[in-house]
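Visitor: I am new to this structure and would like to learn how to read some of its features. Please take them one at a time.

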Amino acid sequence: MPGRLKAKIVAGRHLPVMDRASDLTDAFVEVKFGNTTFKTDVYPKSLNPQWNSEWFKFEVDDEDLQDEPLQITVLDHDTYSANDAIGKVYIDIDPLLCSEAATVISGWLPIYDTIHGIRGEINVLVKVDLFNDLNRFRQSSCGVKFFCTTSIPRCYRAIMVHGFVEELVVNEDPEYQWIDRIRTPRASNEARQRLIFLMSGELQRKIGLKVLEMGGNAVVGYLQCFDLEGESGLVVRAIGTACTLEKMSTFPATATHPNNSSPSKDMKDSPQAAPSTLGCRSTHSSPVHSASSRLSQGFSISVPTLLFSGMKPRHRSSEAPRARQCRPGFGEEAPGVPLSSGPPTPLRAQTFSSFSPSKSYSRQSSSSDTELSLTPKTGMGSGGSAGKEAGPLKALLKQQTQSALEQREYPFFTLTIFPPGFLLHVGGVVSARSVKLLDRIHNPDEPETRDAWWEEIRQEIKSHAKALGCHAVVGYSESTSICEEVCILSASGTAAILSSRFMQDGPLDTEHRLSQQPLCVFSAGSERVEGDMGSSASLGFEEVVSPGCGFCHIPYDELNIPFPAQLTYCYCCRRYKVPDVLFTTIDLPTEANVTGKGCLIQARLCRTKKKAQGEGNAMAISNLLPFLEYELHTQLMNKLKLRGMNALFGLRIQISVGETMLLGLASATGVYLTALPSPGGIQIAGKTPSDITYEQHISNMQKKINDTITKNKEQYEINPPEVVEEIIGSPIPEPRQRSRLFRSHSESSDEVSEIDLSHGKKDAFVLEIDDTDAVEDIHALLTDSPTPAGFYSCNTEIMPGIQNWTSAIQMFTSVRVFRLNANLTNQGLNKIFSDLCENLLKSLYFKLRSMVPCCLCHLNFTVAIPEDELIQVAVTAVAMSFDKEQTLENGKRSGEKTLIKAITENDEQLQFNLELNAETSSPNPLGSPKGLSEVGSHPSARAPSVDYSSFADRCSSWIEQLKLKAHTIRRGSVKTTSSMEKASPLPEGRSRSLRSNRSYSGSSVAVVKMTPLSFIPGAKIIKYLGIINMFFIRETSSLREEGGVSGFLHTFIAEVFAMVRAHVAALGGNAVVSYSMKECVFMENPNKNQAQCLINVSGDAVIFVRESELELTSVQPQSATTQTSNGGEGT
Amino acid sequence: MSVELDVFVGNTTIMDKEVYQLWLNGYTVNDAVKVRIEGGVMEECEASAEVLLSDTMDQYRTFQMCERLLHHPAKLANQLLFQIPPDRQAMLIERYYAFDDSFVREVLGKKLSKGTKKDLDDVSTKTGITLKSCRRQFDNFKRVFKVVEELKGPLVENIRQHFLLPDQLARDYAAIVFFANNRFETGKKKLQYLTFQDFAFCAGQLINNWTLGAVDNMMEDMDVDLDKEFLQDLKDLKILITDKDLLDQHKSRVNNETSHPLSLVCNALRGKTNVFNEMEANFKNLSRGLVNIAAKLINAKDVRDFFIDLVEKFIEPCRSDKWTSIDMNLYLTHYTNSAHILDTFKHHAVWTRYMGVIKSCILRMYHD
């Protein structure tokens, strides 16, 4: 019985009228968890009932706590007939299971009904008391933190990145069960909502178990998807990157330490590190222990100058030392005992052993095979020695090594932004698709089929990466598209080489140690490749290379390029080779040298397909896929050249299947990487140079293209420094243009793999006009309308060249459904599809014109073919405005530094209190769950409460403003206020108690920001409260009355936003970051006046504080902790 | 090919003030698009008509969804569906409750009933305001009326609190409610020259001085009805015209005062002797008019005719004698004050309360 869940129903408001006679409602509430149900009294005749119930207590297993949602049902009491349901609230209590996340859920939550939408709100209080579970074989994984964010979360530091975790669970879809014929749509929808809640809870728990097994304490880049397979069932699957995270503590302060930091300081710091990792509640979570010991130990090594100066000489010197070296190789010393002497000699030796050889190898990259084997050896050695660190840890570490071995088959990372120095080179985009027929008979207990399918694809991805000379895949994601019984599984990522110095143990590079903050480095690979090219690991590259270009350098062997490419010497360092074009799925590294600004580039394609059934259909689709991909790639390449750019980031290719067509949409952010050669223009060549008018036509087009390129270069401020071209004379294979296609495709009928998408000579990118298709293509190329003045757009997190964001952000979702005429040609379809996307963008620009100058970031397009002749496009993005005056790069750097400083300060406050609590509650660090949960109830001992209250003040300032505006004192609601205040037994010191008290006075609702990005401009995220993962179904049988399909969906999306905001506010947060709408399935039947829609959204609930306020408020508590944080200011 | 569905939802609800106004004015989507195109927003933002149409539809839908909340502005502040910054909320409310002066003149003093609502299409054709907009305005009046009708306490304050309206707008609504409740006649031809603001001013005077709430805020009764006791007392003023002595005395006092050579004010008016002459001649009529109005106010029917009586019995005679408003002010001041010096006149309090309002109303109404 390891947990007690407590819930209290306080009040309701804005309830709907359920009794026509009295125009009132006799409401009561059922609180259900698992199989236990409690009821409140009936509050008669009121639309604003005040139940103020007792605490309902559920004593449950923590396994159930993870799987089950708390279900609150509001009903209208009826004496003579059955009680009518008003609506439900599902509360995911997962955030309460992790001590570092939220401690209480309290606030107004919308009461939701799948038929009527939001029907009033209910005020609830939910708490969880967790007990220790010493059972090693338990099935729960409480305490593992989940993040949707695809980078190391802002207030954490990665101690270790363990690698890929995946899981899937399957079940029957209630919508397709026989019982669905006899139950109401409401019952069916609710069954589905509940099931998906349960399944995602279970999935999260299972992933959590895997993470614990691997020795991690968190999942970053958690991506959960639903496959609605219709009759064959419902699949919920998730992937993520297991990490060991540590809340940021005083360590960044070491940035100012002299390179040989004094041991005394280490002594002071290391004990602080230990309590900070106590967030992990699990008692068998020795990784925490080992992490902290490693930490202090790593710290004691006193930042090896040697390593760092060698690694990144020109990189922000202030940050380099912060990257503490955590090699377990030095674990020979007892853990936690700081070395009083300087860096031990083994360090140097080891450094050399891992780096100098690689240097030489990389120079003559032929012998790279040896190198690869060398790296793991180093890792293995260190792993072994780590085992000696402490006796009890031995077993665990062994376990870790084992899991590392198991995991090595997928060295995948769902991260798209990396700590500096983690990612060395990028080979290029790797992707794999496979067409499957869904099996009719389905056994929920055997998800093996689906597992096997994904396994196949992952293996393929892995082999592609290998072919590119890379040992890892970053920015990895998986998706499906289902139409009837056909399912396309896709996976894509970016082949990359990761730094060996982050590798921990295991013969392969699955485990990595990180020592740094989320700042990013990576690179991009130009072409996709296949073929065997002898693995290479050019680990030494980084040594004398500025981080701005290092990631561009080719990871593969230039003598054995498996695909045609133009290599040149890097335009930054002039030492290493770079390709002419780079495509990647990851985000643009912040330190990348970029010329000018970037822009969104989309390739859009429609292909008709004959209607078919079963096997034949799958065949037809898999035959079409390679062509589709090839054309998308060509379009991307052309558009990239047209904009005078040479690299794509955040590439996402989505292929959607319908009964009579396939839809392809590739989105990416184009940039001009300074390190890469300037792209050549586009030349048009006619096939039949006989006709004079034809010639003229051609030259006209050529002129247009040239003009567009010039205009684009101007718009995106691309004016690279002129450099003498020096194409390497090395034996680069002759470009075999567009010839080597679909090689691996022939390997299996239902699998499509890499395509060799090469392009011509660099300077003369020739487009041949040999038929009308090509003419159309070129026209299409030119019809892409430019973004209006003052706007920029990208699908990545940040826009190169723009730093000074203001705090104005506007997240939005836009959905369009387009009905096509029958019998369209491919061209016609293409044009329609392309126009659809273009018009949608234009509409967005128009809508957001008041925010100019602004950038649409993270433009995420999702296409679907909901039924025949319908195309659905959904976009979620955030518009962020910025100041026109561009600050210099320096300005940004220093800004970042203050950011880090701010973190330091803040963490210190938290740290400080944690210690206090640890002392008061339990001397045993493993007893932390209790101690930590108490933090919340000790407001007086909690320095950061200052920040919180200021935040609450800001929230309430809205109220003030409104009051002022309306000149009102709201005397009317005195009655409510008093009774509500009685009813809110919130711990003081919590921001919410303040806020909600205010909101009781009926004045305002807390503002919750939402953004698909991992950060909020001008603000510091001080706490992650847990993952938000919500699934809603809405159905109507009075479509016309609700304003048609648009009115219906508009309301529904607004409701989803409202529910997300309310749940975040109830957790005590004021923003959702990394928000995404992963599913939006819309179905209509206008003849029956019906429509149904399913939406799945996710994100991370956070508390942020404006930087300006942070500075103000942190002054006071800072003084208390200055001594421990000395030097923090000096940065 | 057609766009089947097109929605845009922002985390912060985006609302264009211009489109909001068009919506409030009752324009159809297509008309609104036309107006916007003429307004030149397209050139400004490099947009096409399609984009404009999509945007307008979207905004209209948003407003329709919000309308339900706007009916209870207090709900707008604590609803969760739309995240709207407070300044926007205030704007939405203010504009939703704003009304056209030409419209309100048509319904001012009328019963806010279904019957009146049925006649709105006539009002619409007469004023050129769309029927939709007329209905919104009418419904607003009715809604405010219904809410405050039952409430105790100061009328303006109640409206301000329940509908979160800015001060001026709350006062205007108080006037509308007051007029509707007392059914003052405002539609007669002779009253056509008066603007809504004239009436609103007068309503303010009446509310502040003649209602029960004016005497005692804590009273159970409200601001909407006139103080019955006071109206009863007004009958006593009749003595001023029925008692011949008093009338003469009053007249001579007023004349003395107005034509007193030492009176600074009068010096300026000396030249206009004819005005004084006429004043003297008309004194009995004018005084009789005002006192009769007072005496009759106890009858509900005569209350309705209050304004028309003021115009017929006082303003029109003065206007035909070409009094200036300064003359009028002077006359009324002395007329009021001199009554207090009359030996046998006892009803000073009632007189002051009555004449204070009458004076300010007449002064406000005395224009072309």
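Visitor: Which hand does the crossing of α10(B) and α11(B) have?
Guide: This is a predicted model. In it, the crossing in which α10(B) passes α11(B) is right-handed. The residues that make this contact on the α10(B) side are Arg143(B), Val144(B), Val147(B) and Val148(B). On the α11(B) side they are Leu155(B), Asn158(B), Ile159(B), His162(B) and Phe163(B).

Visitor: What describes two packed helices?
Guide: The angle between the two axes and the distance between them are the usual description. Here, α10 covers residues 131-149 of chain B and α11 covers residues 155-163. Their axes come within 10 Å and cross at roughly 115°.

Visitor: How many residues of α11(B) are buried?
Guide: A residue is called buried when its relative accessible area is under 20%. By that cut-off, 8 of the 9 residues of α11(B) are buried, and the helix is mostly covered. Among them are Leu155(B), Asn158(B), Ile159(B) and Phe163(B), residues that also take part in the contact with α10(B). The buried set further includes Val156(B), Glu157(B), Arg160(B) and Gln161(B).

Visitor: What follows α11(B)?
Guide: Leu164(B) does, and its phi is positive, near 50°.

Visitor: Where else is phi positive, and are those residues buried or exposed?
Guide: Chain A offers two cases in the loop between β3 and β4, namely Lys45(A) and Asn52(A). Lys45(A) is not a glycine, yet its phi is about 50°. For Asn52(A), also a residue other than glycine, phi is near 45°. As to cover, Lys45(A) has a relative accessible area of 49% and is therefore partly exposed. Asn52(A) is partly exposed too, because its relative accessible area is 35%.

Visitor: Which residues does a cis peptide bond join?
Guide: The bond is between Val852(A) and Pro853(A), with omega at about -5°. Pro853(A) sits in the loop that runs between α14 (826-847) and β28 (854-864) of chain A.

Visitor: Where is Arg36(B) found, and is Arg36(B) buried or exposed?
Guide: Arg36(B) belongs to helix α2 of chain B, residues 29-39. Its relative accessibility is 0%, so Arg36(B) counts as buried. To see what lies around such a residue, look at its contacts beyond the neighbours within four places in sequence. For Arg36(B), these include Phe846(A) and Arg849(A) from chain A. From chain B they include Asp16(B), Glu18(B), Asp55(B), Leu22(B) and Leu52(B).

Visitor: How is Ile1022(A) placed?
Guide: Ile1022(A) lies in strand β31 of chain A, which covers residues 1019-1036. With 6% relative accessibility, Ile1022(A) counts as buried. Its C-alpha atom is separated by 5.8 Å from that of Ile1103(A), although the two residues are 81 residues apart along the chain.

Visitor: What can be said of chain B as a whole?
Guide: Begin with its elements: chain B has 23 helices and 1 strand. Its C-alpha atoms fill a box of roughly 90 × 45 × 35 Å along the principal axes. Of its 368 residues, 53% count as buried. Among contacts with a separation of 6 or more, 70% are between residues 24 or more positions apart. Carbon and sulfur atoms hold 51% of the accessible surface, which comes to about 16,000 Å².

Visitor: How are the charges of chain B placed?
Guide: Chain B has 48 positive and 53 negative charges, and the mean positions of the two sets are 5 Å apart.

Terms used: Residues numbered from 1 in each chain as written. Chains lettered and ligands numbered in written order. Predicted model: local features only at pLDDT ≥ 70, side-chain atom pairs only at ≥ 80, totals over all residues. Heavy atoms only, no water. Helix = DSSP H or I, 4+ residues; strand = E, 2+ residues; numbered from the N terminus. Buried < 20%, exposed > 50% of the residue type's maximum accessible area, 1.4 Å probe, protein only. Contact = heavy atoms within 4.5 Å. Areas by Shrake-Rupley, 256 points an atom, 1.4 Å probe, with all protein chains shown as cover. Lys, Arg positive; Asp, Glu negative; His and termini not counted. Charge placed at Lys NZ, Arg CZ, Asp CG, Glu CD. Axes fitted to C-alpha atoms, helices over the stretch in contact; angles between N-to-C directions. Left-handed = near helix turned anticlockwise from the far one by under 90°.
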